[in-house]
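Visitor: Please take me through one part of this structure closely. I would like to see the nonpolar core and its aromatic rings.

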Amino acid sequence: MAKNNYNLNDDDTLDIPDFVEDKTNTESSVDMSIFKMSDDELYDDNTEENEETEYDDDFKPVKKKKNSNSTIVICLILIVVLLATTIGALIYGVKQHNQYVKVNTENVQLKANEDSYKKQIAEKDATIASLTEQINNQSHTSGDGSGTNPKGNLVYKIVDGPMHFRVSPTSDADTTTYNGATLANNGEEFNVIEIVNDKDLGDKVKWAKLADNIYFCVDDNGNVYAKPAN
């Protein structure tokens with residue numbers, strides 16, 4: 001190592017700079033106090049940092065989820081749809097009720113008209129029947145049959161009765177009435193328009209015609225039920 005050449009003053013005095021450490025100092029320049037600290041003091045800073053971290057974690061603001069807005073929108077849409085469906089159902093129900101009331105009213109009116117028409121028809125039928133009976137009575141003699149029929153010149157007396165009045169000159173024809181009676185009894189006399197043959201058997205059976213659609217049998221194959229009274 002090369003020696004430094006120091007300039008010496010005449011008085012042989014050497015100036016030493018202040019920054020030169022005192023080599024004679026016996027104390028160590030290393031701070032040994034850290035090795036003398038307790039565990040609590042040693043880890044005190046870390047504990048405070050942890051507590052601060054936990055504190056920050058506990059009171060850290062919670063971020064709102066992004067899908068919360070979409071959930072609200074979906075709920076609102078469902079509410080609107082349900083409300084619209086309910087209103088539509090109510091409107092439909094009101095229309096159906098009004099339609100039912102209208103149809104029911106029409107049915108009631110038609111039933112009343114039908115009953116009225118039936119009553120009118122029944123009254124007309126009764127009137128026709130009454131007029132028909134009056135016409136028949138006017139064309140026949142009144143009383144017990146002893147009167148004079150203006151169309152009948154023949155008078156027949158029942159000798160083997162009683163005999164049914166029939167609507168046609170045959171034994172299969174329906175029975176009818178004459179002057180309110182259903183039978184021609186023995187001893188009764190009737191003005192006869194004409195004597196006609198049986199509708200089915202011909203001249204084997206004879207019938208006396210009292211009026212249109214009114215007949216009684218006078219002779220059946222030789223069995224005499226009525227004879228001329230004059």
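Guide: Here is the core, followed by its ring pairs. This is a predicted model, where local features need pLDDT of at least 70, side-chain atom pairs count only at pLDDT 80 or more, and totals for chains, interfaces and linings use all residues. Residues are numbered from 1 along each chain as its sequence is written, and side-chain values use heavy atoms, with hydrogens and water left out.

A nonpolar core is a set of buried Ala, Val, Leu, Ile, Met, Phe, Trp, Tyr and Cys residues joined through side-chain atoms within 4.5 Å. Buried means under 20% relative accessible area, with a 1.4 Å probe and protein chains only. The largest such core holds 21 residues. Phe165, Phe190, Leu210 and Phe216 have the most contacts inside it. At least two core residues come from each of strand 1 (154-158), strand 4 (189-192), strand 6 (202-211) and strand 7 (214-220). Strands are DSSP runs (E, at least two residues), numbered from the N terminus.

Now the rings. Rings of Phe, Tyr and Trp (its six-membered ring) pair if their centres lie within 6.5 Å; planes under 30 degrees apart count as stacked, over 60 as edge-to-face and the rest as tilted. The count is 5 aromatic pairs. Phe165 and Phe216 pair edge-to-face, at 6.4 Å centre to centre and 85° between the planes. Phe165 lies in the loop between strand 2 (163-164) and strand 3 (183-184) and Phe216 in strand 7, so this pair ties together parts 51 residues apart in sequence. Phe190 and Phe216 form a tilted pair: 5.6 Å centre to centre, 55° between the planes. Phe190 lies in strand 4 and Phe216 in strand 7, so the parts tied together are 26 residues apart in sequence. Both Phe190 and Phe216 are buried. Phe165 is buried too. Ring pairs link Phe165, Tyr178, Phe190 and Phe216 into a cluster.

Note on methods:
Buried means under 20% relative accessible area, exposed over 50%, partly exposed in between (1.4 Å probe, protein chains only). Helices (H or I, at least four residues) and strands (E, at least two) are DSSP runs, numbered from the N terminus.
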